[in-house]
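Student: I have a new model open on my screen and would like to learn to read it. Could we go through it together, one question at a time?

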Amino acid sequence: SPYHKGYTCEQWQAYQASRKCRYCAVALTEKNTVPHSALTDACKAEECQQRASKACTALLVCGHPCGGILGEETHLPCLVGECVKKRQSEEGKAAKALGATNGEDFCEICFVEGLEAAPCVQVGVLACVSCALCGGEIGESMAGGEDYFWVYELSKMSRA
C-alpha cells in the first residue's frame, strides 16, 4: 500500500503502536535498546548513542523527555506536537516563535534533519531552536564576534 511503503498493514500497525527511538524513529525492542541507559528511548545504533550521550535526561512537566543538551541550565519547552498545540492555544496570538517550534521542524541553521533527531539548543539572541551541532557553532562564533552568516555557511558545508 502506498501509505506505508515497505510494511504490510499489520507491520505498519505494530510499528505505529511501538515505542520508537527518539533520534532515528526505529521501533524499539529488547534487542536494539541499551539496558539500564539514562535514555530508554534511544536505540543501539552508534549515531543514536552518540546523540544520547549529549542529550538532557530530564523529563518535562508534561512527561515528555527534554529535547535539550546534557547539563543545560534551562530546559527547552516541549517539542512534541500535542504539547506545542496546547502551548499555542494557551498563549494565543502572543505566542513567541519558540512556543511554535515543533520537533518535526528542521534545524533553522542547517535544514538537514528534524529537531527531534538530535539534542537541541536555543540560540540566545536568535531565539531559534537548532540542533546542538549548529547551535554550538553559532553560539561560539557570536561570543567571539564573528559574523552569523559566515558560521551559517560553514555549518552548511560541514553537513554536506
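Tutor: Gladly! Let us start with a definition: a salt bridge here is a side-chain nitrogen of Lys or Arg within 4 Å of a carboxyl oxygen of Asp or Glu. Please keep in mind that this is a predicted model.

Student: How many salt bridges does the count come to by this rule?

Tutor: One pair is Arg22 with Asp41, and another is Arg51 with Glu47. Arg51 also pairs with Glu113. By the rule above, the count comes to three.

Student: Thanks! In what order do the elements of the chain run from the N terminus on?

Tutor: The chain has five helices and two strands. Read from the N terminus, the order is α-α-α-β-β-α-α.

Student: Why does the pair of Arg22 and Asp41 tie together parts of the chain, and how many residues apart are they in sequence?

Tutor: The closest N and O atoms of Arg22 and Asp41 are 3.8 Å apart, which falls within the 4 Å limit for a salt bridge. Both residues lie in the loop between α1 (9-17) and α2 (46-52), so their salt bridge ties together parts whose separation in sequence is 19 residues.

Student: Does Asp41 count as buried or exposed?

Tutor: The cut-off for buried is under 20% relative accessible area. Asp41 has 16% relative accessibility, so Asp41 counts as buried.

Student: Which residues does Arg22 touch, not counting those up to four places away in sequence?

Tutor: Arg22 is in the loop between α1 and α2, and at 16% relative accessibility Arg22 counts as buried. Its salt-bridge partner Asp41 is one of the residues on the list. In full, Arg22 touches Leu39, Asp41, Ala55, Cys56, Pro65, Cys66, Gly67, Glu116 and Ala117.

Student: Which residues are joined with Arg51 into one network by salt bridges that share partners?

Tutor: Arg51 and Glu47 sit four residues apart in helix α2, about one turn of the helix, and their side chains meet at 2.6 Å, N to O. The closest N and O atoms of Arg51 and Glu113 are 2.9 Å apart. That second pair links distant parts of the chain, 62 residues apart, with Glu113 in the loop between α3 (81-91) and β1 (120-123). Arg51 is thus in one network with Glu47 and Glu113.

Student: Within that network, does Glu47 count as buried, partly exposed or exposed?

Tutor: Arg51 and Glu113 are both buried. Glu47 has 46% relative accessibility, so Glu47 counts as partly exposed.

Student: Now the nonpolar side. Which residues make up the largest nonpolar core?

Tutor: In soluble globular proteins, nonpolar side chains tend to be buried together. In this chain of 160 residues, 35% are buried. The largest nonpolar core has eleven residues: Leu76, Leu79, Cys107, Ile109, Cys110, Leu115, Ala118, Cys120, Val129, Cys131 and Cys134.

Student: Last one: which residues are closest to the centre of the largest pocket?

Tutor: The largest pocket holds about 590 Å³ of space. Its lining has 14 nonpolar, six polar and five charged residues. Of the 25 lining residues, those closest to the centre are Arg22, Pro65, Val80, Gly103 and Glu116.

How values were computed: Residues are numbered from 1 along each chain as its sequence is written. This is a predicted model: local features need pLDDT of at least 70, side-chain atom pairs count only at pLDDT 80 or more; totals for chains, interfaces and linings use all residues. Side-chain values use heavy atoms; hydrogens and water are left out. On a 1 Å grid over the protein atoms alone, a cavity is a set of points where a 1.4 Å probe fits but cannot get out, and a pocket is an open set with protein on both sides within 12 Å along at least five of seven lines; lining residues have an atom within 4 Å of a point. Grid points are joined across faces, edges and corners, and a volume is the space filled by probe spheres set on the points. Ala, Val, Leu, Ile, Met, Phe, Trp, Tyr, Cys and Pro count as nonpolar, Asp, Glu, Lys and Arg as charged, and the others, Gly among them, as polar. A nonpolar core is a set of buried Ala, Val, Leu, Ile, Met, Phe, Trp, Tyr and Cys residues joined through side-chain atoms within 4.5 Å. Buried means under 20% relative accessible area, exposed over 50%, partly exposed in between (1.4 Å probe, protein chains only). Contact means heavy atoms within 4.5 Å.
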